[in-house]
Amino acid sequence: MEKIEVRSRIKKVISKVLSVDEQAIAENANFVFDLGADSQQSLELVAAFQEEFNITMDEDKAFSAQTVSQAVDVISGYLN
Amino acid sequence: MKYRNITRKEVLALEKQGCTAESWETVYVRDPFVLDRVRHVRFSGVNSIGVLNQDVQITPGRSEPSGLYCSSFHNCSIGDHVRITHLLDCSCYTIGSHTVIHNVGTLAVQEESTFGNGTGLDVLNEAGGRVLKMYDRLTAQIAYLLVVYRHRPGLIAKLDEMIGRYTEGKRSRIGTIGPFNRITDTSQIINVNTGPFTEISGALHLENGTIAGCEEDPVLIGPGVEAKNFIILSGTRVEGSVMLQSCFLGQGIRMGKQYSAENSAFFANCEGFHGEAVSLFAGPYTVTHHKSTLLIAGLLSFYNAGSGTNQSNHMYKLGPVHQGILERGSKTGSFSYLLWPCRIGAFSVVIGKHYTNFDASEFPFSYISEEDGKSYLTPAMNLFTVGTRRDSRKWPDRDRRKGPEKLDLIHFPLFNPYVADKMVHAAETLRKLSEQADKARDFIVYKGIRIKRLLLKTCSQYYEMAIKIYLGEGLISSLFRFVGSSLSVFLPAGEPESGPVAWCDAAGLLVRSDEIERLVHAVENDEIKDLEGVEKKLGELYSAYEKEEQAWCFSLLGKRLGKEVRQITREDLKQIVRDWKENAVKLNNMILKDALKEFDESTKIGFGADGDVTVRDADFLAVRGTFDKDKFVMGLRQECQEFERKAAEALEKIEQIKDPPLHCHHSREYAVQPG
């Protein structure tokens, strides 16, 4: 899957879980500082990414992604 | 201990020193009797006075002559080398040697008393039905049986009978002030016994109670304390105008800052400040430090109450009949509220206000939060928060009990069969719920609480991770104690027929449920006839924890491998070690990431109040230090390195075990080094 598609779907997931406008999600937005994710929402995001891309992410790796672009990289790694 | 009557000459001298007696015939003394040390004293009834020829330490470095001064005694027996001054009314007491009493209004036994023993406390259910009869050797575990096992009336009747007999042994018209007591500036002490080395300083009113301290672990009752119907055990300090009405305080407790409690029992190492407790079963390590915190009708242990924590046991229908359970290691956040009945799983965190009744006990290590007035459960989330790990480490270090006998039996492991069993079932439940859940739904409702659908599968994986760590830890600790050479001897029998048995957490004691059932049965059938017998059996169960836990652990291993325990192979064991290492490192990394949040930009808000960003960062650095130098962080990193070493060692040990024909020998007696 192309990164551009991964990015687009990731933004959709973030928008739904964190209730933020998809257009307002910047590439390097930090989940906590910029998008306001709390600990529970971070868990939800991981779960939502797993469901969206039908992957099982390593817990450690999943939580190491702090920004949207890092999430794109981690998830792309699973898909390719 | 030979006493004699006072001679006529001595009477005249005493009278000259301002002393009077209803009858000097019934005042007895022991030689050498130092006349000079009894001044302005009134005697009535029968009194005896010990030897008063030594000085008594008042404060470190300051001693005063022993003696009786400006006091009044009625039917008292006074020990050697005491110093009693300005004790206005002392009736019916035996006062131990080397005790100092100064400026006390009343110290009296006013009628036959059991000194708090046998007093019933309406614990857990304020409306009654679980009356806990306290006595001065009550343990958390016996209390647990008395309060929780009401479905076994035979057991309750027998235990009550035993406590009744014990209480009768305490019944007396004469009270005891133990040796080396220091009682000063106190208004009233009525029907109270004290053990050795007790200090009562500035208390207002103490009535119908026992203070059972000891030399190694004395009790302090401090200023402003009022207590009626109470028992306080060794090492406990109650000060700061605490108010107690019908309360049991076990060993090593700290209570102060106007805390008030009624009909409540607190066990080892509890702490209560500022707040209020009603009908509380505060198991070991229950801590409440803040104002406006009401803990009511709850069964707790290893619990920490945030400020403003509140619970309701009253729905204005049939009275305050509701009750709740917060299992071991739970926390409630600031201004959290729970509407009883409700049950929270072990090591969980409650945030927000919860107005529905739910049972989340199947899901340990959870977050319970509130969104738009609805309660949500995030299972397993507390597994990888830094607080849980810190808590589990601090409890053993904070055991304050110094006396020769620790009454409450407390197991500390964070992962144990009780919690692991819950995690096994929780993982399975979440997996099933995930499969069944309608993907169009955002959440499902399980036992009264919402769980976000997306989290069902993920949280099940987190439990799986923790189970692998638990099993690996169990295996590795067995390996390191194993001294034999064959796999069949190494593997315990476990429970091949029935699988892993259920465990329970009896107020700190982790024990197989069937063993508790055996104990209950033994009491019901008079096989155990007295409290010593119950204590002894509970002590045996406590000591058997390690062995039983290993058996349980292997039994679970077998179940998960789909094998009987004796069929587990060397390769199986190696895989468990490898899984353990991988997951233990992973969990520690997740905890480190949680700890890292304590050093991110947002946590610097409030630092460098009068400066710019540079000042803020410098201020933060000065006060908080760096993530890398944080003691806890360094500890976790060190632990990760140890995981590597331990895993390598464990794999080597497995390699060294000779492979016998596994099916030919199977014994429950597996070889372990003692201790």
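User: Which strands of chain B form an open sheet of three, and in what order do they come?
Analyst: In this predicted model, the open sheet of chain B has the order β32-β35-β38, and its strands pair in the parallel sense.

User: And which of those strands stand at the edges?
Analyst: The edge strands are β32 (310–312) and β38 (353–354) of chain B, and because each has a single partner strand, one side of each is left without a neighbour in the sheet.

User: How many bridges are there between β35 and β38 of chain B?
Analyst: Strand β35(B), which covers residues 337–339, is joined to β38(B) by two bridges in the parallel sense, and within that pairing B:Leu338 has B:His354 of β38(B) opposite to it.

User: Ok, zooming out, how many helices and strands are in chain B?
Analyst: Chain B holds 13 helices and 45 strands, and its C-alpha trace spans about 95 × 75 × 55 Å when taken along the principal axes. Of the 675 residues in chain B, 47% are buried. If you look at the contacts in chain B with a separation of 6 or more, 47% of them are between residues 24 or more positions apart.

User: What about chain A, how many helices and strands there?
Analyst: Chain A has four helices and zero strands, so along the sequence its pattern reads α-α-α-α.

User: How compact is chain A for its length?
Analyst: Its radius of gyration is 11 Å, which is close to the 12 Å that the globule rule gives for 80 residues, and therefore chain A is as compact as a globular protein of that length. Its C-alpha atoms fill a box of roughly 30 × 25 × 20 Å along the principal axes, and buried residues make up 34% of the chain.

User: Where do the two chains meet, and how many residues are in contact?
Analyst: There are 17 residues of chain B in contact with 13 residues of chain A. On the side of chain B that touches chain A, at least two residues come from each of β40 (367–371), α6 (453–481) and α11 (570–596).

User: Which element of chain B gives the most?
Analyst: That is α6(B), which supplies six residues to the side that touches chain A. Sorted by class, the residues of that side of chain B are seven nonpolar, five polar and five charged.

User: At what angle does α6(B) cross α2 of chain A?
Analyst: The axis of α2(A), which runs over residues 39–53, comes within 8 Å of the axis of α6(B), and the two cross at roughly 90 degrees. That crossing is why the two helices, α2(A) and α6(B), count as roughly perpendicular.

User: Which residues meet there?
Analyst: From α2(A) they are A:Leu43, A:Glu44, A:Val46, A:Ala47, A:Ala48, A:Gln50 and A:Glu51, and from α6(B) they are B:Leu454, B:Leu455, B:Lys457 and B:Thr458. By class, this contact has six nonpolar, two polar and three charged residues.

User: Switching topic, what happens with strand β8 of chain B, which strands does it pair with?
Analyst: Strand β8(B), residues 67–74, runs parallel to β4(B), residues 38–44, and six bridges join the two; here B:Val41 has B:Ser71 as its bridge partner. Strand β8(B) also pairs in the parallel sense with β10(B), residues 83–91, over five bridges, and B:Leu68 stands opposite B:Ile84 there.

User: And how do β6 and β7 of chain B run, parallel or antiparallel?
Analyst: Strands β6(B), residues 55–59, and β7(B), residues 62–65, are antiparallel and share four bridges, with B:Thr59 opposite B:Arg62. They form a hairpin with two residues between the strands, where B:Gly61 takes a positive phi near 90 degrees.

User: Last one: is helix α2 of chain B buried or exposed?
Analyst: Eight of its nine residues, in the range 140–148, are buried, so α2(B) is largely enclosed by the rest of the structure. Among the buried residues are B:Ile142, B:Tyr144 and B:Leu146.

User: What about B:Lys547, where is that?
Analyst: B:Lys547 lies in helix α10(B), residues 545–561, and counts as partly exposed because 14 C-beta neighbours lie inside 10 Å. Its C-alpha atom is separated by 23 Å from that of B:Tyr144, although the two are 403 residues apart along the chain.

Methods:
Residues numbered from 1 in each chain as written. Chains lettered and ligands numbered in written order. Predicted model: local features only at pLDDT ≥ 70, side-chain atom pairs only at ≥ 80, totals over all residues. Contact = placed C-beta atoms within 7 Å. Nonpolar A, V, L, I, M, F, W, Y, C, P; charged D, E, K, R; others polar. Pairing = 2+ DSSP bridges. Buried ≥ 20, exposed ≤ 12 C-beta atoms within 10 Å, placed from the backbone. Axes fitted to C-alpha atoms, helices over the stretch in contact; angles between N-to-C directions. Parallel < 35°, antiparallel > 145°, perpendicular 65-115°, else oblique. Rg over C-alpha atoms; globule rule 2.2 N^0.38 Å.
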